[in-house]
Amino acid sequence: MFEVWNPLGIVGVITAFNFPCAVLGWNACVALVCGNCVVWKGAPTTPLVTIAVTKLIAEVLEKNNLPGAIFTAFCGGAEVGEAIVKDKRIPLVSFTGSSKVGQHVQRIVSERFGKCLLELSGNNAIIVMDDADIELAVRSIFFAAVGTAGQRCTSCRRLYLHESIYQNVLDKLVGLYKQVKIGNPLEKGTLVGPLHTHHSKENFEKGIGAIKSQGGKISVGGSTIESEGNYVQPTIVEISPTAAVVKEELFGPVLYVMKFKSLDEAIDMNNSVSQGLSSSIFTRKPEILFKWIGPHGSDCGIVNVNIPTNGAEIGGAFGGEKATGGGREAGSDSWKQYMRRATCTINYGSELPLAQGINFG
């Protein structure tokens with residue numbers, strides 16, 4: 001008796017705008033190595049990336065005398081994604097995007113008994129304990145919240161500060177935010193570029209409106225920038241942890257700052273949202289560290305200590321729990337998702353061995 005792993009056949013990969021090459025690579029490379037063909041739909045706003053990457057892959061296939069149809073790509077909108085999701089010839093669909101659309105994808109694929117690999121919304125939090133290295137924490141928060149204009153799946157959206165260090169950390173962050181150079185990301189010294197589309201800029205404005213209506217106090221930023229690009233000001237907001245807006249992901253450089261009294265309270269706050277992608281805590285105490293990564297700690301798929309919520313997940317199993325979808329890309333056993341397993345028992349003799357010692361006939 002042994003197990004045999006065989007390719008699924010065709011793997012569908014639907015990627016988002018923010019990491020159009022990386023997410024494809026995490027999925028397609030493993031899927032191809034496992035013997036599958038890949039059908040890729042890139043984001044409708046990144047068609048040039050889709051074309052360029054496909055051309056590179058086609059050249060590799062041609063150089064090695066392999067058929068180009070092993071890897072197929074499409075440019076288009078929701079109608080293309082819908083076709084991939086509904087196609088019974090595609091047993092696995094990997095989807096990166098919002099929780100709302102991911103739920104739709106999962107429902108359709110499940111109805112035809114296919115499999116999904118979902119990497120959906122993140123509403124990531126950093127906790128800073130009273131014993132933390134404050135300078136390290138501030139640098140990490142700054143990168144996690146402001147880098148890539150807050151448009152990473154793992155960007156920090158929520159910041160929980162122990163009440164004894166709250167004002168100190170907040171003041172340091174506000175000072176850094178006021179010095180941020182916003183502009184062309186190709187120019188040296190620029191830390192914050194534009195949001196991806198004008199629609200993203202409109203969502204930022206709507207989010208700021210919701211924040212103000214729910215009692216949020218803007219410590220710095222909070223406005224769009226009049227220019228040719230979709231530029232906005234990186235924003236820090238002091239707000240109640242129970243505010244509805246805190247529970248949702250605003251895909252931009254907006255950081256909600258809240259205070260706590262105890263570790264248990266901070267963990268409860270971290271776990272209070274429907275998303276569960278990435279989380280981080282800053283502390284020097286081993287007992288806090290091990291509680292944080294244990295069964296009574298963070299409920300996220302990525303659980304960090306003394307590093308940001310983003311930037312360190314390469315090579316690990318990337319993905320989250322709850323409304324983040326439960327999928328994992330990369331990691332030591334990721335290949336299993338792209339294959340089907342069969343348990344095989346081979347009888348080389350003339351007797352009929354039966355389980356449980358059964359003697360039949």
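This dialogue works through the sheet, the cores, the salt bridges and the cysteines of a predicted model.

User: How should I read the pairing in a sheet, and which order do the strands of the open sheet follow?

Analyst: Strands of a sheet pair through backbone hydrogen bonds, in either a parallel or an antiparallel sense. In this model, 7 strands make up an open sheet with mixed pairing, and their order is 9-10-11-8-7-13-14. From one strand to the next, the twist averages 25 degrees.

User: Which strands stand at the edges?

Analyst: The edges are strand 9 (217-220) and strand 14 (302-305). Each has a single partner strand, so one side of each lacks a neighbour in the sheet. For strand 14, a pairing can be followed to strand 13 (residues 278-282): the two run in the parallel sense over 4 bridges. Within this part of the sheet, I281 stands opposite V305 of strand 14.

User: Which strands does helix 5 lie across?

Analyst: Helix 5 (residues 134-146) lies across strand 7 (124-128), strand 8, strand 11 and strand 13. Relative to strand 7, helix 5 runs at about 170 degrees.

User: How many residues does the largest nonpolar core have, and which have the most contacts inside it?

Analyst: The largest nonpolar core holds 55 residues, and V128, I141, L159, L255 and Y256 have the most contacts inside it. Helix 5 supplies the largest share of this core, 8 residues. Leaving aside residues up to four places away in sequence, I141 touches I126, V128, L159, V169, L173 and L255. A second, separate core has 17 residues, among them A28, A31, C34 and M339.

User: Turning to charged side chains, how many salt bridges does a search of the whole structure find?

Analyst: The general idea is that side chains of opposite charge can pair when their charged atoms come close. Across the whole structure, the search finds 9 salt bridges. One of them joins E249 and R157, with the closest N and O atoms 3.6 Å apart. This pair links distant parts of the chain, 92 residues apart: E249 belongs to the loop between strand 10 (235-238) and strand 11 (254-260), while R157 lies in strand 8 (residues 156-162).

User: Is R157 buried or exposed?

Analyst: R157 is buried, at a relative accessible area of 1%. Its partner E249 counts as partly exposed, at 22% relative accessibility.

User: What are the distances and settings in the pairs R89 with D87 and E321 with R328?

Analyst: In the bridge between R89 and D87, the closest N and O atoms are 2.7 Å apart. R89 is exposed, with a relative accessible area of 63%, whereas D87 is buried, with a value of 19%. The side chains of E321 and R328 meet at 2.5 Å, N to O, and E321 is partly exposed at 32% relative accessibility.

User: How many disulfides does the search of the whole structure find?

Analyst: A disulfide is a covalent bond between the sulfur atoms of two cysteines. The search finds 0 disulfides in the whole structure.

User: Why does C37 not form a bond with C34, and where does C300 stand relative to C156?

Analyst: The reasoning rests on distance, because a disulfide requires sulfur atoms within 2.5 Å. C34 holds the closest cysteine sulfur to that of C37, but the separation is 13 Å, too far for a bond. For C300, the closest cysteine sulfur is in C156, 11 Å away, which is also too far. As to their surroundings, C37 is partly exposed, with a relative accessible area of 28%, and C300 is buried, with a relative accessible area of 11%.

Key
Residues are numbered from 1 along each chain as its sequence is written. This is a predicted model: local features need pLDDT of at least 70, side-chain atom pairs count only at pLDDT 80 or more; totals for chains, interfaces and linings use all residues. Side-chain values use heavy atoms; hydrogens and water are left out. Buried means under 20% relative accessible area, exposed over 50%, partly exposed in between (1.4 Å probe, protein chains only). A salt bridge is a side-chain nitrogen of Lys or Arg within 4 Å of a carboxyl oxygen of Asp or Glu. Two strands pair if DSSP finds at least two bridges between them. Axes are lines fitted to C-alpha atoms, for helices over the stretch in contact, and angles run from 0 to 180 degrees between N-to-C directions. Contact means heavy atoms within 4.5 Å. A nonpolar core is a set of buried Ala, Val, Leu, Ile, Met, Phe, Trp, Tyr and Cys residues joined through side-chain atoms within 4.5 Å.
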